[in-house]
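Student: I should like to learn how to read the features of a structure model, one at a time. Please give the general idea first and then the case at hand.

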Amino acid sequence: MASHPHLPLPDYFSKFASNYVRQTGNSTLDILGDVISEHVQTSAHPIDAKSVVHDNAAGPGIGAAALVARLPKEQLPQELLVSDNVPEMVSAARHSLTASPLQGVECKVLDSQDLKSAGVADDYFTHSIINFSIFTFERPVDAIRETYRTLRPGGLAVVSCWQRFPPVILVHAAQKRIRADLPLMTSPGSEFFKEGELQRVVEEGGFKKENITMAKKTLVVADEGNIAELTMLITGPMMAKAREGYTAGEEARWAESIRQAVKEEVEQFGGIKFEAYILLATK
């Protein structure tokens, strides 16, 4: 399988934001960039200079970066809200986007599951993007209800989640090598890996079935630098939970077990293979 050409990280991206993107092999940025070009801009509701966009649960502004990467300056939205419930993410987005070509950007700490309490109005946005974060919510249906409420009639929501998320697969492979008797590390929102779960949640959140379209995306990360960043992520403290119950000797085997799992993944797929569900829903 051919590797996917990844979008260059914007020059204005902060170090924190750049590291965040690289630790998923650029996958969240690259896939959303494709979705914007191939689905949003070819739909009945493309983004243009009159659009009002919500980059929702945005991390350090991945949706905003994808818009800048894929749209000519004259098509960038007139207004963009970048929100996340983690202050460090919002700070990173604000720091990065100040120097971007986007106009009318506001970065706020908000709970996607309760935008109303923060005063986000009904029928406000033309587009809302929830890029690979639906599975992080305690109440994903509430997040979709708020997305529906804040979209204008005819507005477009873009929601993505993983079908195959290789960091978890690689961690499980390493766990089986070292301590096959221990439980495998759980992944938050793993129910979203199942086909149909994303659409079920979006329908329960208020969108009508006939106004929903689904697509799938595959991205193979073959760039050696990106593979190294991914390997570092799953070797390090972020995946400490996977090593619970290990002896010091077993801990010492972790990095090599991960490297072996990565080597086998690359041999099988030509890189690290991500697969995603993409949902577009019109209000």
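Student: Let us begin with surface exposure: what is the relative accessible area of Asp123?

Tutor: A residue is called buried under 20% relative accessible area, exposed over 50% and partly exposed in between, with a 1.4 Å probe and protein chains only. Asp123 has a value of 38% and is therefore partly exposed. This is a predicted model, in which local features need pLDDT of at least 70 and side-chain atom pairs count only at pLDDT 80 or more, while totals for chains, interfaces and linings use all residues. Residues are numbered from 1 along each chain as its sequence is written, and side-chain values use heavy atoms, leaving out hydrogens and water.

Student: Where is Asp123 found, and what is its phi?

Tutor: Most residues other than glycine have a negative phi. Asp123 has a positive phi, near 50 degrees, and is not a glycine. Asp123 is found in the loop between E3 and E4; helices (H or I, at least four residues) and strands (E, at least two) are DSSP runs numbered from the N terminus. Ala57 also has a positive phi, of about 50 degrees, although it is not a glycine. Ala57 belongs to the loop between E1 and helix H3 (62-70). With a relative accessible area of 11%, Ala57 is buried.

Student: How should I read the confidence, and what is the mean pLDDT of the chain?

Tutor: pLDDT is the predictor's confidence in each residue, from 0 to 100. The chain has a mean pLDDT of 90, and 92% of its residues reach 70 or more. Over residues 1-14, however, pLDDT stays under 50. For that stretch the model has 45 contacts (heavy atoms within 4.5 Å) beyond four places in sequence. Where pLDDT is low, the predicted coordinates should not be read in detail.

Student: How is a pocket recognised, and what is the volume of the second largest pocket?

Tutor: On a 1 Å grid over the protein atoms alone, a pocket is an open set of points with protein on both sides within 12 Å along at least five of seven lines, whereas a cavity is a set where a 1.4 Å probe fits but cannot get out; lining residues have an atom within 4 Å of a point. Grid points are joined across faces, edges and corners, and the volume is the space filled by probe spheres set on the points. The second largest pocket has a volume of about 180 Å³. Its lining has 15 residues, of which Glu79, Leu81, Glu106, Lys108 and Tyr124 lie nearest the centre. Strand E1 (52-56), strand E2 (79-84) and strand E3 (105-109) each give two or more residues to this lining, and E2 gives the most, with three.

Student: How many residues of each class are in that lining?

Tutor: The lining has 10 nonpolar, two polar and three charged residues. Here Ala, Val, Leu, Ile, Met, Phe, Trp, Tyr, Cys and Pro count as nonpolar, Asp, Glu, Lys and Arg as charged, and the others, Gly among them, as polar.

Student: Which residues is Glu79 in contact with, apart from its neighbours in sequence?

Tutor: Glu79, in strand E2, is partly exposed at 27% relative accessibility. Beyond four places in sequence, Glu79 is in contact with Ser51, Val52, Val53, Gln103, Gly104 and Tyr124. The C-alpha atoms of Glu79 and Gly104 are separated by 4.6 Å, though the two lie 25 residues apart along the chain.

Student: Why is helix H5 said to be largely enclosed by the rest of the structure?

Tutor: Eight of the 11 residues of H5 (residues 140-150) are buried, so this helix is largely enclosed. The buried ones are Pro140, Val141, Ala143, Ile144, Glu146, Thr147, Arg149 and Thr150. Their cover includes E1, strand E4 (125-131), strand E5 (151-164) and helix H7 (197-204).

Student: Is Glu275 buried or exposed?

Tutor: Glu275, in strand E7 (residues 272-282), counts as buried at 18% relative accessibility. Leaving aside neighbours within four places in sequence, Glu275 is in contact with Trp162, Gln163, Arg164, Lys217 and Thr218.

Student: Finally, how many disulfides does the structure hold?

Tutor: A disulfide is a pair of cysteine sulfur atoms within 2.5 Å. The structure holds zero disulfides. As for the exposure of its cysteines, Cys107 is buried at 10% relative accessible area, and Cys161 is buried at 0%.
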